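Q: Could you take a close look at one loop residue for me, and then set it against the rest of the protein? I'd like to know where it sits and how open its surroundings are.

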Amino acid sequence: MSSNDLIVSLDIGTSKVRVIIGEISNGAINIIGVGSADSDGIRKGAIVDIDQTVQSIRSAIDHAERMVGITISEVYVGIAGNHIALQSNHGVVAVSNEDREIGEEDIERVLQAAKVVALPPEREIIGLLPKQFLVDGLTGIQDPRGMIGVRLEVECTIITGTKAAVHNLMRCVEKAGLRIAPSGIILMSLASGMMALTKDEKQMGTVLADIGAGATTIAIFEGGSLAAVSTLPIGGDYVTSDICYGLKTQTEHAEKIKLKYGCARVDDAASDVSFKVMRVGTNAEKEFSQPDLAAIIEPRMQEIFHMIRQEVKRLGYLDKLNGYVLTGGSVTMPGVLSLAQIELESSVRIAVPDFIGVRDPSYSSGVGMIQYVTKFVRYRGSAASPKRAAKSKAAAPAAAKPGVFEWFKNMFKEFI
Ligand SMILES: Nc1ncnc2c1ncn2[C@@H]1O[C@H](COP(=O)(O)OP(=O)(O)OP(=O)(O)O)[C@@H](O)[C@H]1O
Ligand SMILES: [Mg+2]
């Protein structure tokens with residue numbers, strides 16, 4: 001029997017910190033544990049208070065540990081935010097072998113060369129996405145090993161972020177008593193893209209929009225690869241705040257009403273559904289119908305979709321699109337899909353992770369991270385990882401790192 005490998009993902013969102021424990025058994029993923037805690041210390045997707053964030057991480061981790069009966073020591077953590085940028089780069093090396101046959105070390109050197117890029121002092125590289133190799137000018141090569149040539153080149157997309165944001169994220173995770181796995185900071189858009197999009201969708205030009213609580217993250221996939229990312233500082237919290245003002249009630253009541261009765265379209269709302277609201281400054285309750293509530297929610301959701309469309313236009317992809325895929329907690333609301341289809345004037349679908357226990361769009365990034373890690377970071381790890389034991393140390397132990405070329409080739413399979 002093969003040993004089982006555990007992978008723990010951590011998604012630090014504006015409304016919730018979510019921990020997912022995935023068990024990898026013979027290459028298949030089982031989600032065996034989930035932990036979540038209300039987020040404090042995060043505003044619009046960015047860490048604004050380290051101590052509060054640490055506490056939220058700790059409670060989400062404790063929750064997941066209790067569920068599975070293990071101690072988590074190592075995690076993969078998602079990164080997102082408007083500090084993320086993509087840039088294309090190109091690496092060139094001379095083939096080192098005397099017989100000019102390209103080997104793994106040439107590939108490693110050319111990838112290192114592609115990482116050499118002039119960055120402003122406040123930025124750092126978070127990841128590298130392959131596009132293609134070139135051997136003596138011949139383009140479109142996915143696997144140059146064994147080919148004969150003098151000049152080996154690679155074209156890549158480099159993912160960068162601000163040092164401050166990366167530092168804050170790492171600090172919070174470490175202060176929560178956890179270790180970040182090697183290559184363990186993962187761009188959440190890439191992870192969600194892996195969970196949510198088909199190969200054809202990535203090829204033909206698709207916008208993946210994650211509408212969370214404090215932020216909406218847009219990732220555009222085209223030509224098989226991640227082409228653009230952007231974060232808008234708007235999400236479900238705005239809807240809740242509109243309900244607060246519209247119904248003159250407190251935030252916590254407004255959030256509960258939204259989750260229970262919210263509907264994104266007045267046309268889809270049921271006029272026979274009504275609820276009572278405790279108004280601020282009085283002891284009196286007032287009754288509202290679901291269409292009353294939808295009349296507050298619809299314009300805000302329209303605005304969010306309008307902003308998504310404008311951003312896609314600004315990024316230059318509006319005319320090249322195949323469609324939109326929506327995810328994130330805010331798309332759970334009834335009526336969102338039909339409203340999006342009208343507002344985005346394109347084909348739209350909602351992506352939900354297809355695993356027991358996490359069938360909710362707010363888990364897309366966390367589940368995507370487990371899939372991403374299984375495929376690119378730890379896919380050879382199962383043989384090298386200790387078995388899971390009750391209350392044992394180290395879920396997600398350090399596994400053998402895949403060879404750089406294996407990693408690269410898998411990337412190609414997924415994205416090209
Ligand atoms: N059934 C529902 N109806 C309406 N809104 C919902 C529903 N379920 C979740 N939400 C909203 O989804 C949002 C949370 O989504 P999600 O968990 O994806 O955000 P997050 O990751 O915490 O935040 P962010 O990604 O913005 O940093 C909240 O605003 C919540 O009110
Ligand atoms: Mg989120």
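A: Gln 142 lies in the loop that links β9 (138–141) to β10 (151–162). This is a predicted model, so let's start with how open that spot is. Gln 142 has 13 other C-beta atoms within 10 Å, and because exposed would take 12 or fewer and buried 20 or more, it lands in the partly exposed class. As for its surroundings, Pro 130 is 12 residues away along the chain, and the C-alpha atoms of Gln 142 and Pro 130 are 9.2 Å apart.

Two other residues make handy comparisons. Glu 345 is also in a loop, the one between α9 (336–344) and β18 (348–350). It has 12 C-beta neighbours inside 10 Å, so it counts as exposed. Ser 183 belongs to a strand, β11 (residues 179–187), and is partly exposed, with 15 such neighbours inside 10 Å. Both have an unusual detail in the backbone: Ser 183 isn't a glycine, yet its phi is positive, about 55 degrees, and Glu 345, not a glycine either, has a positive phi of about 50 degrees.

Now for the inside of the protein. Buried residues make up 46% of the 416 residues. The largest nonpolar core holds 111 residues, and Ile 57 and Tyr 76 touch the most other members. Helix α8 (residues 290–314) gives this core its largest share, nine residues. Leaving out neighbours within four places in sequence, Ile 57 is in contact with Leu 10, Ile 12, Val 17, Cys 172, Val 173 and Ala 176. Across the whole protein, 70% of the contacts between residues at least 6 apart in sequence join residues at least 24 apart. The fold is built with 11 helices and 18 strands.

Then there's ligand 1. It has 23 residues around it, and Gly 13, Thr 14, Gly 212, Gly 236 and Gly 329 come nearest. Helices α6 (236–247) and α7 (251–261) are the elements that each give two or more residues to this shell. By type, the shell splits into four nonpolar, 15 polar and four charged residues. Domain 1 (5–82 + 163–191 + 356–415) and domain 3 (199–350) each supply at least three of them.

How far can you lean on all this? The mean pLDDT is 91, and 90% of the residues reach 70 or more. The stretch to watch is 380–401, where pLDDT is below 50, though the model gives it 51 contacts beyond near neighbours in sequence. Where pLDDT is low, the predicted coordinates shouldn't be read in detail.

Key: Residues are numbered from 1 along each chain as its sequence is written. Chains are lettered from A and ligands numbered from 1 in the order in which they are written. This is a predicted model: local features need pLDDT of at least 70, side-chain atom pairs count only at pLDDT 80 or more; totals for chains, interfaces and linings use all residues. A residue is near a molecule or strand if its C-beta atom, placed from the backbone, lies within 6 Å of it. Helices (H or I, at least four residues) and strands (E, at least two) are DSSP runs, numbered from the N terminus. Ala, Val, Leu, Ile, Met, Phe, Trp, Tyr, Cys and Pro count as nonpolar, Asp, Glu, Lys and Arg as charged, and the others, Gly among them, as polar. Domain bounds come from an automatic or database domain assignment. pLDDT is the predictor's confidence in each residue, from 0 to 100. Two residues are in contact if their C-beta atoms, placed from the backbone, lie within 7 Å. A nonpolar core is a set of buried Ala, Val, Leu, Ile, Met, Phe, Trp, Tyr and Cys residues joined through C-beta atoms within 7 Å.
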